[in-house]
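Colleague: I have some time today, and I would like to learn how you read a model like this one. Could you take me through it feature by feature?

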Amino acid sequence: MSGSDPATLGRRALLSAVAGAGAGLAGCSVPGGDAAAGDATTGDLDDEWARDLAERFAPVLYFDADERWFPTDPRPFEHDRDGETVVDGFAALNDYAAAFDPESPPEPTAFYNAVRYEDSPLAVVQYWFYSAFDQFTANFHWHDWEVLHVFVDLESDAPRLFVASSHSRSVPNNEYLDPERSVPRVLPELGSHSSALSLNEQPDRFRRLPGEDVLADITNSALEGVPSVEDFPAAYGLPRDEGAHLPYVVPELDGAPLYEHDRLPDVDRSDLVPSALTVRSFDALSRPPTDLPRRSTGLVFGRADRDDGADVAYDLVPTAELEHLSAFTGPQLSFEFAVPEFVEDAVAGHITTAGEPWNQARYENPAADITDPLHRRELADRYDAIADVGGGSAVVASIRQAVESDDAPDGEGLTTQSTPVETVALLESDPEAIPTFRGVALAQGVSEGEHRLTINGAGLAPHSESVTVADGATAAGVDGEVPLVAREAAMKLEVDADGAEADLDRLAVEDDFAGRLYDAPIDGPDAVYVHRGGAYTAEVRDADDEVGAFRVTPDASGPGDGGDGEDDDAGESDGGDQRGVERAETVRIDRPETGTASLSSYVAAVSAETRDEIEALLDDADVEGRGNAVRGLVRALDAVGQRADRATQRARDGDRAGAEASLERAREGLDRVAENLERAATALPDPIAAAVDRRLQQVDRRTEQATAAEKLS
């Protein structure tokens, strides 16, 4: 493994190109089935009434300027297969591309379905939009179905709720309760057609949060469980309007770009998302792209019988005219998602699902597609037909990027910042990758229990961790934050849990400056990608809640630092005999242990590391006049390291009393270190003084843990 390219499962290898029956996906076609429990049944409205509702609430759609696959009629692509009528993916994509006119797309169409809940004034008109292809980065597929639901109170003839479909049942839809506008405006996302709402005075812009005298475009409830994003409405937002961009990649089939396939003679590169917005692959980049162009609005679709300011008038056709279609077919396409090798087996078998609109629960029960529990609860209060089923379980995290801190010595500390690109996440239990919105990953409808969450982004090393999901929102990462690392700066920190004497069940990683970056259950041999410029404490816990700690400084070159050597045990010099950290491309803790010996060894290693760094400053002209104070600090650190060394050895010999006595002397020495640091502080560069202060906090904490540990070794 090279330092700039962490080992991952090969690009687009997550799914093989296997034949599948129907490839409609993500927010397109996968309903939220369980949410329908307890709702009343629905019946069809008569044709005239349904048509009247459909025309009255028909939306206006504002497409991206680079869109290539607009809503169309799939019937020209249908053919007979073994007595069934199907729509073939190759035919749909090829024939649509052949007929495509960027100013007048072929057969612009919206299909509608209208139902009414029994014994209730609540009706729903649905607008289904079919596109021949979806080039969303994490889920390529033939045939894309998107839906907009308009819930209408028939007694007042007023809309009560708009629900615009997002990427999948796991991603919250964009919803608006009690809209003042009767005609919804929809912003389809480039390539994927996932929908956002726009109800404000800027028709082609999405606003998540209200401003002065400006309402938000959604009324979704706020996220909970992640301090950095609390009060943040949970709904997918478009890269056109929000946060960082999400770069696209080129779909492949049989190992070649899709447009080179012999069954697609009329498809060329220009029929895909433009190259300026496209990267060759996520894992081929050494860092996230920062030069993606800004997006803009292109064609506007509306009704010919209204003054919508539309460029294109679409036909309004009942979905009943499509229900003779048995399937939408095409080989399953692999999608772009890098997976760490150490979790490859957990996710490599994921297959996305398919389904025609009329075979989905939400077709007959649109309330199944309400993703905000407060919206469902409000409708349940107004209409007996709707059941209040609660919020269920979810996983949420704020995705950040770890970078070197200006406040730390070079290569010895990190900070985190927002990522320049959106990322995608995959739960082992869910077959679809979900996008982040403004850096937030949110998966809804997750079953309680153990899951593995993997997060991937362009130019970023993949992150994977086990998550225990409980009822309500479960925050992944540390306090809901997951830091990713640019591939060029990534190094794998690996823990061989199988080689431990104790039964390890948790791994945490802390950087001197950024604090705790990773804290998750250990599931067999475990690993996490860390930034080379950090200085880390790796902490393990066993089934008895005993703690072990190991010093890892990937970019350092001295003994005991997990740096550039090969197969050297960390801390073999006067930094103690700390075992298990290999100085190589993969920083490996081979024989992790818990208890007094491990923690004392850590104290010795950090004391020696800090002593060496400060001692090297004695020849610096800047410390002249304060040299005695600096030498006093060096001597105090050396004394702590020696006492921690003795505690380590005595613990390994089974001498508890001797180990405790040495640790007590080490603790007394730490008080002298703090006193000397105060005297020498003005002679030390600010980053080093700050680093020493943070290390002393770690050393003091680990000394207390070593004294309190039940296990010696």
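Modeller: Gladly! Let us begin with burial: a residue is called buried when its relative accessible area is under 20%, exposed when that area is over 50%, and partly exposed in between. Keep in mind throughout that this is a predicted model.

Colleague: Then let me try one. Is Val-530 buried or exposed?

Modeller: Val-530 has a relative accessible area of 6%, so by that cut-off Val-530 is buried. This residue belongs to strand 33, residues 526–531.

Colleague: And which residues is Val-530 in contact with, leaving aside neighbours within four places in sequence?

Modeller: They are Val-485, Ala-489, Ala-490, Met-491, Leu-493, Val-509 and Tyr-536. As for distance in space, the C-alpha atoms of Val-530 and Pro-554 are 9.0 Å apart, with their positions 24 residues apart in sequence.

Colleague: Stepping back to the protein chain, what share of its residues is buried?

Modeller: Of the 713 residues, 62% are buried. The chain has nine helices and 37 strands. Among contacts with a separation of 6 or more, 72% join residues 24 or more positions apart.

Colleague: Before we go further, what is the average pLDDT of the chain?

Modeller: The general idea is that where pLDDT is low, the predicted coordinates should not be read in detail. Here the average is 86, and 87% of the residues score at least 70. Two stretches call for caution: pLDDT stays under 50 over residues 1–27 and over residues 29–35. The model does have contacts beyond four places in sequence for both, 117 for residues 1–27 and 21 for residues 29–35.

Colleague: Thanks, I will leave those alone. How do you read a helix?

Modeller: An α-helix has 3.6 residues a turn, so residues three or four places apart point the same way. Now take helix 1, residues 47–57, where Ala-50, Leu-53, Ala-54 and Phe-57 are buried. Viewed down the axis of helix 1, these buried residues fall within an arc of 100 degrees, so they line one face of the helix.

Colleague: Which strands do the buried residues of helix 1 pack against?

Modeller: They pack against strand 7 (109–117), strand 8 (122–134), strand 9 (141–153), strand 10 (158–164) and strand 18 (315–318). Look at the N-terminal end too: Asp-46 caps helix 1, with a side-chain oxygen 3.1 Å from the backbone nitrogen of Glu-48.

Colleague: Where does a side-chain oxygen of Asp-88 reach?

Modeller: At the start of helix 2, that oxygen comes to within 3.1 Å of the backbone nitrogen of Phe-90. Helix 2 spans residues 89–99, and its buried residues include Phe-90, Leu-93 and Tyr-96. Among the elements covering the buried residues of helix 2 are strand 6 (84–88), strand 14 (252–253) and strand 19.

Colleague: Now the sheets. What is the strand order in the open sheet of five strands?

Modeller: Strands of a sheet pair through backbone hydrogen bonds, either parallel or antiparallel. In this open sheet the order is 13-12-4-16-17, and the pairing is mixed. Strand 13 (195–197) and strand 17 (312–313) are at the edges with a single partner strand each, so one side of each has no neighbour in the sheet. Strand 4 (residues 60–64) pairs with strand 16 (residues 297–302) in the antiparallel sense over three bridges, and Tyr-62 has Val-300 as its bridge partner in strand 16.

Colleague: Last topic: how many salt bridges are there?

Modeller: Side chains of opposite charge can pair when their charged atoms come close. The count here is 49. One of them joins Arg-75 and Glu-321, at 3.1 Å from N to O. Arg-75 lies in the loop between strand 4 and strand 5 (78–81), and Glu-321 in the loop between strand 18 and strand 19 (327–331), so the pair ties together parts 246 residues apart in sequence. Arg-75 is partly exposed at 25% relative accessibility, and Glu-321 is partly exposed at 40%.

Colleague: Are Arg-695 and Glu-609 buried or exposed?

Modeller: Both are buried. Their side chains meet in a salt bridge of 3.7 Å, N to O, which links helix 9 (residues 686–708), home of Arg-695, to helix 6 (residues 596–615), home of Glu-609. Elsewhere, salt bridges with shared partners form one network whose members include Arg-506, Glu-510, Arg-701 and Arg-702.

Technical notes
Residues numbered from 1 in each chain as written. Predicted model: local features only at pLDDT ≥ 70, side-chain atom pairs only at ≥ 80, totals over all residues. Heavy atoms only, no water. pLDDT = per-residue confidence, 0-100. Contact = heavy atoms within 4.5 Å. Pairing = 2+ DSSP bridges. Helix = DSSP H or I, 4+ residues; strand = E, 2+ residues; numbered from the N terminus. Buried < 20%, exposed > 50% of the residue type's maximum accessible area, 1.4 Å probe, protein only. Arc of directions from axis to C-beta. Polar contact = N/O pair within 3.5 Å; in protein donor to acceptor, adjacent residues only side chain to side chain. Salt bridge = Lys/Arg side-chain N within 4 Å of Asp/Glu carboxyl O.
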